[in-house]
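Got your viewer open? Here is a short tour, one selection at a time.

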Amino acid sequence: MSDLFSPLTLRDCEIPNRIAVSPMCQYSCEPDGLPTEWHRVHLGSRAVGGAGIVMTEATAVEPRGRITAHDLGIWNDQQAEALQPITAFIREQGGVPAIQLAHAGHKASKTRPWDGNDPIAPDETDPDGAEGWEVISPSPDAYPPFSGDRPAMRKATQDDIEGVIDAYRDAAERSLEAGFDIAEVHAAHGYLLHEFLSPVTNRRDDDYGGSFEDRTRLLREVTVAVREVWPEDKPVFVRISGTDWLEDEFSASWDVDQSARLAADLADLGVDLIDISSGGLHPDQAAPGGPNFQVPLAEAVSESADVAVGTVGGVTEPEQADALVRNGRADLVLVGREFLRDPYFGLRAGEALEEDGAASERWPIQYRRAVQ
Ligand code: FNR
């Protein structure tokens, strides 16, 4: 058996292989946060396609935390119920259903990427007529120069912060009712929790800004809240940006050393896997890109913290993914765009890597004549 197809057991959750569908926003809800046929087919196809984990897109824990009015949400019971058939289908296909719990912070209230990704004020609408809303930020004065003015942005108060923590706790409870086995806290890509982590966007001088301990406090409190309600036998992941890629631009930014330190703290709080991406905080980031460019970040975290790590970014080939696991560079390989190009990437990887007939067994029975 290839290393990519060896199971990964985290707590009592057995993940059948090391391939995960990386969370990818589909911007395809009516403005109600409910999944549509698109989500059922999109997530369902990738489950048929052999991924060990199928993770939802960034799913907002409160309406204010959506990037666009068309994002998936998990702030009410109706949304949890509507997700149940999707998690059941993923499980039927042998995959593990995972949800990414998100809050977009000052990157919320925008038009969809294909409509320009522009900030929308509360009195404006997107091209589909969905209204904008007020957004929260750790430090509005440090809002990065993204395109377009950021209207209706407010510094998060103590009440807002407590509300966000409660929203994450409630969202995790609902995710459980929806049938998910893994909850991932989204603390990457310049969204709310990352905005608090980085000194570039966090200029607060209260308990939630300043020192490493204060900047990481919100993420730690969110993690504790999620862990409180997430069952002992099920894993929690946290996605972080391993670095802002801004060392040359700012005297202080978020970097890999802080990520390694944070990962150890999160492991102590019961996090099972750190999913390491990078950047997304500031338009001046100097990210190298290319195949495996984020792998060294995962390795650095793995060396410093006793926690499983996932890597993501530029993985397109089965042999490449297998080598990452075989060489101990990551425990899990998250695949994004290659899964958009080929929903059956998992099955294809099996065909490429396995010689003992195990690969064809993995195809759904309905499709098996294609490979026999
Ligand atoms: C993304 N990405 C992303 N990341 C995340 O943490 N939550 C999300 O909801 C999204 N949404 C999203 C939508 C689309 C269309 C793309 C292409 C990407 C980032 C994604 O998960 C992944 O980290 C990157 O795409 C890099 O991996 P690949 O695509 O090189 O495998």
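**Stop one: a charged patch**

Select Asp284 to begin: at 39% relative accessibility it is partly exposed, because that class runs between buried (under 20%) and exposed (over 50%), using a 1.4 Å probe and protein chains only. This is a predicted model, where local features need pLDDT of at least 70, side-chain atom pairs count only at pLDDT 80 or more, and totals for chains, interfaces and linings use all residues. Residues are numbered from 1 along each chain as its sequence is written, and side-chain values use heavy atoms, leaving out hydrogens and water.

Asp284 sits in the loop between β10 (273-277) and α8 (295-304); helices (H or I, at least four residues) and strands (E, at least two) are DSSP runs numbered from the N terminus. Now add Glu247, Asp248, Glu249 and Asp257: with Asp284 they form a negative surface patch (residues with over 30% relative accessible area and no salt bridge, like charges joined within 9 Å; a salt bridge is a Lys or Arg side-chain nitrogen within 4 Å of an Asp or Glu carboxyl oxygen).

**Stop two: the rings**

There are six aromatic pairs (ring centres within 6.5 Å; planes under 30 degrees apart are stacked, over 60 edge-to-face, the rest tilted). Pick Tyr143 and Phe146: centres 5.8 Å apart and planes at 70°, so edge-to-face. Both are buried.

Next, show Phe212 and Trp254, which are stacked, with centres 6.2 Å apart and planes at 10°. Phe212 is in helix α5 (residues 212-215) and Trp254 in the loop between β9 (236-241) and α7 (256-268), 42 residues apart. Phe212 and Trp254 are buried.

**Last stop**

Finish on Leu219 in helix α6 (residues 217-229), buried at 1% relative accessible area.

How values were computed:
Patches are made of residues with over 30% relative accessible area and no salt bridge: like charges are joined within 9 Å, nonpolar side chains (Val, Leu, Ile, Met, Phe, Trp, Tyr) within 5 Å. Accessible areas come from the Shrake-Rupley method with a 1.4 Å probe; for residues, only the protein chains shown count as cover. Lys and Arg count as positive and Asp and Glu as negative; His and the chain ends are not counted. The place of a charge is taken as NZ of Lys, CZ of Arg, CG of Asp or CD of Glu.
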